[in-house]
Amino acid sequence: MNRRLSEIADVGLGVPFRTRLKHIRTGSINVIQMRDLPHIGNEIDLEGLVRTDLNRLRRIQILRAGDLIFRSRGLTFTSVMVERPLGNTVIAAPLVRIRPDITVVDPSYLLWCINSPVIQRHLRSRAEGSGVLAVNLSELNDIRIPLPPRERQRRIARIAHLAMQERILRTRIDRISQQRTHQVLSKTVFGASHFEHRGRVW
């Protein structure tokens, strides 16, 4: 059975800011922008977020655990899931909040569906724009999500999560390997004493 996204989730655009966000150290609201989303995984660095104050904030705009944050503009149209409560945190437009109906769809399963190559190809085919491509809310709401039984959704989500963790680990291993290679080459070219006293060359 397939259902339109709008039938199984509440979809809403992030908070629109008319001017560039300025960090207010004593601000009561964290704001997640496009640049804050991780390339792999769901971990968002709260310490790096801009803080501000908002006078007209609706409760529905505050992120909850299980919400998906959708990139509606750019090279990819993937999502990140909020895995834990983030306090008073909102997203800034053009990011889109997708709040799944957990009685119908598992949030982790929905995350996998939206990020799957099948739906990504569909979204790219529907994206518009002469410079930066964007997917509008009506197109996003219209995507069809297959809904297998809940237990099967959970199994698929678990497998997808393990695959994502493996990818994260491989990325970290590659980065450590590159750093070690740079250290060895630096010592070979510049000498160990230069390397130890001056720190890393690269």
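**Group meeting: the largest pocket and strand β3**

Helix α5 contributes more residues to the lining of the largest pocket than any other element: seven of them. Keep in mind that this is a predicted model.

Let's stay with that pocket. How much space lies in the largest pocket? About 530 Å³. Its lining counts 24 residues. Nearest the centre you find Gly41, Leu111, Asn115, Ala160 and Met164. Helix α5 covers residues 150–190. Two other elements, β6 (79–81) and α2 (107–115), also supply at least two lining residues each. What about chemistry? The lining has 11 nonpolar residues, nine polar and four charged.

Now to strand β3, residues 29–32. Are its faces buried or exposed? Both are covered. Ile29 and Val31 sit on one side, Asn30 and Ile32 on the other, and all four are buried. In general, side chains in a regular strand alternate between the two faces of the sheet.

Which strands does β3 pair with? One is β4, residues 50–52, and the two run antiparallel, joined by three bridges. There, valine 31 has valine 50 as its bridge partner. Another is β7, residues 89–91. Again three bridges, but here the strands run parallel. Asparagine 30 is matched with threonine 89 in β7.

Last stop: the loop after β7. Proline 94 is in this loop, between β7 and β8 (96–100). Look at the peptide bond from alanine 93 to proline 94. That bond is cis, with omega near 15 degrees.

Conventions:
Residues numbered from 1 in each chain as written. Predicted model: local features only at pLDDT ≥ 70, side-chain atom pairs only at ≥ 80, totals over all residues. Heavy atoms only, no water. Buried < 20%, exposed > 50% of the residue type's maximum accessible area, 1.4 Å probe, protein only. Pairing = 2+ DSSP bridges. 1 Å grid on protein atoms, 1.4 Å probe; cavity = no way out; pocket = protein on both sides within 12 Å on 5 of 7 lines; lining within 4 Å. Points joined across faces, edges and corners; volume = space filled by probe spheres on them. Nonpolar A, V, L, I, M, F, W, Y, C, P; charged D, E, K, R; others polar.
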